Amino acid sequence: MPIVPPTHSVERSLRRAGARTVVGLDEVGRGAWAGPVTVGAAVTGLRRPPEGLTDSKLLTELRRRALAPVLADWVTAYALGHASALECDELGMTAALRLAAVRALEALPVEPDAVILDGKHDYLGGPWRVRTVIKGDQSCVCVSAASVLAKVHRDGLMADLGEAHPDFGFADNAGYPSPVHRAALEELGPTEHHRLSWSYLDGLPKWRHLKRVRAIPGPGGPGLAESAGEQLALGF
């Protein structure tokens with residue numbers, strides 16, 4: 001089926017409601033075993049986007065890499081924010097996503113009046129005015145642009161990290177699950193770039209002792225143990 005290009009319809013509705021600067025946000029790296037979670041922020045205005053723009057996951061690697069520099073020149077402004085593997089472990093994924101998003105927003109040269117956030121879960125919250133859009137990375141121009149810029153940047157970052165750890169195949173899997181990645185983990189154990197609260201360690205008896213469990217204060221006080229990997233299973 002042909003890919004339906006993204007539009008400015010959500011941005012236009014926010015502008016009609018008084019927002020002058022609208023920013024699109026998208027994340028990459030949420031489900032990875034290693035590396036940071038990265039959030040891209042893009043301001044595009046209402047201009048016609050470059051040909052072929054859509055959700056980064058629907059594009060080939062070659063197309064993404066060709067499109068990224070075009071987008072970097074085309075957008076009004078963009079920025080990237082990261083939360084490290086250690087921060088993902090210590091904070092949990094929801095808080096790590098917010099941290100990365102805040103870093104991206106604060107790095108922008110403009111202050112947003114409204115944010116379009118891909119997905120149904122608002123991990124950003126106040127003081128920003130947030131509109132969540134399911135599959136926004138396919139349907140909203142500014143979110144699509146943020147998606148491609150974030151994906152290409154994080155893939156490059158993971159390839160750089162992989163130079164010191166060639167057995168893990170980071171240049172190919174970007175820290176996500178893969179047979180090569182799992183085989184390296186079984187043999188060598190996690191690197192300093194791995195998230196040690198993720199559930200993949202449960203399947204690695206040799207390295208299971210490294211698993212980190214984060215204590216989350218609940219209604220009755222401290223003591224509820226919940227790993228970031230378990231949060232992913234819950235859809236956060």
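Student: How many aromatic pairs does the structure hold?
Tutor: Bear in mind that this is a predicted model. One pair joins Trp33 and Tyr200, and another is formed by Phe168 and Phe170. So the count of aromatic pairs in the structure is two.

Student: Is the pair of Trp33 and Tyr200 stacked, edge-to-face or tilted?
Tutor: The ring centres of Trp33 and Tyr200 are 5.1 Å apart, and the planes meet at 35 degrees. Stacked needs planes under 30 degrees apart and edge-to-face needs over 60. An angle of 35 degrees therefore makes the pair of Trp33 and Tyr200 tilted.

Student: How many residues apart in sequence are the parts that this pair ties together?
Tutor: Trp33 sits in the loop between β1 (22-28) and β2 (37-43). Tyr200 sits in the loop between α8 (179-188) and β6 (215-218). The parts tied together by the pair are thus separated in sequence by 167 residues.

Student: Are Trp33 and Tyr200 buried or exposed?
Tutor: Buried means under 20% relative accessible area. Trp33 comes in at 9%, and Tyr200 at 4%. So Trp33 is buried, and Tyr200 also counts as buried.

Student: And what is the angle between the ring planes of Phe168 and Phe170?
Tutor: Phe168 is buried, as is Phe170. Their rings lie 5.7 Å from centre to centre, and the pair is tilted. The angle between the planes of Phe168 and Phe170 is 35 degrees.

Student: Let's turn to the helices: are α2 and α6 roughly parallel, roughly perpendicular or oblique to each other?
Tutor: Helix α2 (residues 61-74) packs on helix α6 (residues 141-162) at an angle of about 120 degrees, and their axes are 9 Å apart. Roughly perpendicular covers 65 to 115 degrees, and roughly antiparallel starts over 145. The angle falls in neither range, so α2 and α6 are oblique.

Student: Is the crossing of α2 and α6 left-handed or right-handed, and which residues of α6 make the contact?
Tutor: The crossing of α2 and α6 is left-handed. On the α2 side, the contact is made by Arg64, Arg65, Leu67, Ala68, Leu71, Ala72 and Trp74. On the α6 side, the residues are Val141, Ala145, Val148, Leu149, Lys151, Val152 and Asp155.

Student: By class, how many nonpolar residues does the contact of α2 with α6 have?
Tutor: Four residues in the contact of α2 with α6 are charged, and no residue is polar. The number of nonpolar residues there is 10.

Student: Which residue, 91 positions along the chain from Val23, has its C-alpha atom 6.4 Å away?
Tutor: Val23 is in strand β1, and at 0% relative accessibility it counts as buried. Leaving out residues up to four places away in sequence, Val23 touches Ala41, Ala42, Val43, Leu105, Leu108, Pro112, Ala114, Val115, Ile116 and Cys142. The residue with its C-alpha atom 6.4 Å from that of Val23 is Ala114.

Student: Where is the cis peptide bond that leads into Pro127?
Tutor: Pro127 is found in the loop between β4 (114-118) and β5 (130-133). Omega is near 10 degrees for this bond, which runs to Pro127 from Gly126.

Student: What are the phi values of Lys135 and Ala174?
Tutor: Lys135 is in the loop between β5 and α5 (136-139), and at 52% relative accessibility it counts as exposed. Ala174 lies in the loop between α7 (170-173) and α8, and at 5% it counts as buried. Neither is a glycine, yet phi is positive in both. It is near 60 degrees for Lys135 and about 55 degrees for Ala174.

Student: Is Leu99 buried, exposed or partly exposed?
Tutor: Leu99 is found in helix α4 (residues 93-107). Setting aside neighbours within four places in sequence, Leu99 is in contact with Ala83, Glu87 and Leu91. Its relative accessibility is 24%, so Leu99 counts as partly exposed.

Student: How far apart are the C-alpha atoms of Glu192 and Ala34?
Tutor: Glu192 is in the loop between α8 and β6, and it is exposed, with a relative accessible area of 59%. Along the chain, Glu192 and Ala34 are 158 residues apart. Their C-alpha atoms are separated by 8.7 Å.

Conventions: Residues numbered from 1 in each chain as written. Predicted model: local features only at pLDDT ≥ 70, side-chain atom pairs only at ≥ 80, totals over all residues. Heavy atoms only, no water. Axes fitted to C-alpha atoms, helices over the stretch in contact; angles between N-to-C directions. Helix = DSSP H or I, 4+ residues; strand = E, 2+ residues; numbered from the N terminus. Parallel < 35°, antiparallel > 145°, perpendicular 65-115°, else oblique. Left-handed = near helix turned anticlockwise from the far one by under 90°. Contact = heavy atoms within 4.5 Å. Nonpolar A, V, L, I, M, F, W, Y, C, P; charged D, E, K, R; others polar. Phe/Tyr/Trp six-rings, centres within 6.5 Å; stacked < 30°, edge-to-face > 60°. Buried < 20%, exposed > 50% of the residue type's maximum accessible area, 1.4 Å probe, protein only.
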